[in-house]
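Trainee: I would like to go through this structure with you, one question at a time. Where do we begin?

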Amino acid sequence: MTTTAIGHNTHLAERAYRIRRNALLMGEVQGQGYIGQALDIADVLAVSYFHAMRYRPAEPEWEGRDRFMLSNGHYAIALYAALIEAGIIPQEELETYGSDDSRLPMSGMASYTPGMEMSGGSLGLGLSLAVGRCLGLKRKGSDARVYTLFSDGELDEGSVWEAILSAAHWKLDNLIAIVDVNNQQADGPSTQVMAFEPLTDKLAAFGWFVQRVDGNDLDAVVAAFDAAKSCPDPKPRMIVCDTKMGKGVPFLEAREKNHFIRVDAHEWQLALDALDAGRTA
Amino acid sequence: MSRPTPAPATGAKPKLKTSAMIASIAGEGQRTKAAPFGNALVELGKSREDIVGLTADLAKYTDLHIFAKAYPDRFYQMGMAEQLLMGAASGLAHEGFTPFVTTYAVFASRRAYDFVHQTIAEENRNVKIVCALPGLTSGYGPSHQAAEDLALFRAMPNLMVIDPCDAHEIEQAVPAIAAHNGPVYMRLLRGNVPLVLDEYDYSFELGKAKLLRDGADVLVVSSGIMTMRALEVATMLERDKVDVAVLHVPTIKPLDTATILREAGRSGRLVVVAENHTVIGGLGEAVAGALLRAGVHPPFRQIGLPDEFLDAGALPTLHDRYGISANAMAASIKGWLG
């Protein structure tokens, strides 16, 4: 199996497989992409879009939707893959990924893509924007939630901690933040670039409801999202997801870890084959 | 670079001291109005429930405390965190609110530049950034002197840039920028703000430069407090039979090129651009570029802050030192006329 799932979460495993497949197809179009990250976060996106979140595929701006904010804009390939699977972006548009005049640029931007709620890419922006969205939703009396995904490397940014402090100050219980701890950033393993552990203790001390799970264990991720939604405390919620770069494609999982995993031209098909093999295993 | 040891104070003239942060920019005996921004925002807030106020620990120093007192549930204290401030304002705007965000100009422009760029300008959110201590209006030294705020914000697409002159103009600019759907940066004069333009039958219009007085010898093109200075200079130079016109350009971007070209194109006048800003990248170079591109070539001079880190000290001293006081400006213009 690509990812662990038992009981009623098997449908999520199929969603996660299709998100990974979409991402690989886009990577093949461009000949490159942040595929290691897309594969590691596919399970979290499957749970977000097919278990936790409320939205209308035909109406991406629907006022009652939960907002999904992608802070790490280079994960756009993963989010496009999920938005395609969710029916917000047509499947055939995948062919345009990263091309001139495409709605699917390499780094995610709000004005380009339906369902893209922010312009990320300059790392460390997302949580601050999410704080504003949460304050705004509360002002409007909306019960919609804000989900925001950011990467462990972004923990180096001071602005992230400004937002962490303020989300607790404002008791933003409508905020569910997800940090992808794949322990990889541009210059090396994140924990070596700038030590951020013990992360859950730090976040709890900042006043957050914190859970830490294997981000590639669908049952665990589902349980964490459920607990984040049902927690009665007036606190923002953080789900720390430990993930594996290249997850679901064994030869990419085993490849030397890099922020930008090298995939040779002939390997895209091999990766798709490996993904399929995992699906039917 | 070390500074020379100052000589002990001697003689009758008292040494001027650096003013406290809360000090007014108004000269002695000048007519003023208290907190025009804060009061105008409270007034506007009566009919515009979408307006919210955010600050980064500077409500009292940007007159936003008046809004906070009138509408406590519409005020967000974001702490001393300018990046968060800008991001959160963008998020609130995305949810349909109209945030007025205050801090000092140095922090908005230098500390939070990328956040303004990405979360507000690039996303084209309806956020109004209103900042105290623009240009050289603090004696604290470079940490608080936003000599380059206009250059930085002019370079940002989508962002409208406003440099109002006085209390009269600020009162009118607040509803005008709120009515504009898009991001705006506005310089703020806070506390007891000089009142000047009410005597000139003047009304603020977004994007419009206005001729406040005509004159045959010199055309001063100015914004912000330098328009107030230019009007003083025009009166001073009447005694020397120098006839000075003053064109006030409160909207730095988009620039009212048509009016500037029309006035600068009238023959026989020295054109002097005066700004409370470094001579790099502000109104002076914006006007120069517009003139060059249009093939309009009058004699041209700039009055503005030099390209250096400015001294700490008392504002009147510093304004004299850097040539933006009325006296220094009058002397410069007389020198150029020969």
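Mentor: With a definition: a salt bridge is a side-chain nitrogen of Lys or Arg within 4 Å of a carboxyl oxygen of Asp or Glu. Keep in mind that this is a predicted model.

Trainee: How many salt bridges are there between chain B and chain A?

Mentor: Take one pair as an example. A:R67 and B:E95 bring their closest N and O atoms to 2.8 Å. The cut-off is 4 Å, so this pair qualifies as a salt bridge. Between chain B and chain A the count is four.

Trainee: Which three residues of chain B supply 28% of the area that chain B buries against chain A?

Mentor: Start with the whole contact. Chain B and chain A bury about 2100 Å² between them, and 57% of it is on carbon and sulfur atoms. The contact takes 27 residues from chain A and 26 residues from chain B. No other three residues of chain B supply more of its buried area than B:Y76, B:L84 and B:E95.

Trainee: Which element gives the most to the side of chain B that touches chain A?

Mentor: There are eleven residue pairs in polar contact between the chains, both residues at pLDDT 80 or more. On the chain B side, β3 (75-77), α3 (82-94) and α5 (113-122) each supply at least two residues. With nine residues, the element that gives the most is α3(B).

Trainee: Now the sheet in chain B. Why is one side of β9 and of β14 left without a neighbour in the sheet?

Mentor: Five strands form an open sheet with mixed pairing, in the order β9-β11-β10-β13-β14 of chain B. β9 (210-213) and β14 (300-305) therefore each have one side without a neighbour in the sheet, because they stand at its edges, each with a single partner strand.

Trainee: Which residue is the bridge partner of B:V220 in β11(B)?

Mentor: Strand β10 (residues 218-222) and strand β11 (residues 244-248) of chain B pair in the parallel sense, over five bridges. In β11(B), the partner of B:V220 is B:V246.

Trainee: What angle does the direction of helix α8 of chain B make with that of β11(B)?

Mentor: Helix α8 (residues 225-238) packs on the sheet. The helix touches β9, β10, β11, β13 (270-278) and β14 of chain B. Its direction and that of β11(B) make about 170°.

Trainee: Which residue's backbone oxygen lies 2.8 Å from a polar side-chain atom of B:K210?

Mentor: B:K210 sits in strand β9 of chain B. Beyond its neighbours within four places in sequence, its contacts include B:Y202, B:E205 and B:H248. The backbone oxygen at 2.8 Å belongs to B:S203.

How values were computed. Residues numbered from 1 in each chain as written. Chains lettered and ligands numbered in written order. Predicted model: local features only at pLDDT ≥ 70, side-chain atom pairs only at ≥ 80, totals over all residues. Heavy atoms only, no water. Pairing = 2+ DSSP bridges. Helix = DSSP H or I, 4+ residues; strand = E, 2+ residues; numbered from the N terminus. Contact = heavy atoms within 4.5 Å. Axes fitted to C-alpha atoms, helices over the stretch in contact; angles between N-to-C directions. Buried area = accessible area lost by both parts, 1.4 Å probe. Polar contact = N/O pair within 3.5 Å; in protein donor to acceptor, adjacent residues only side chain to side chain.
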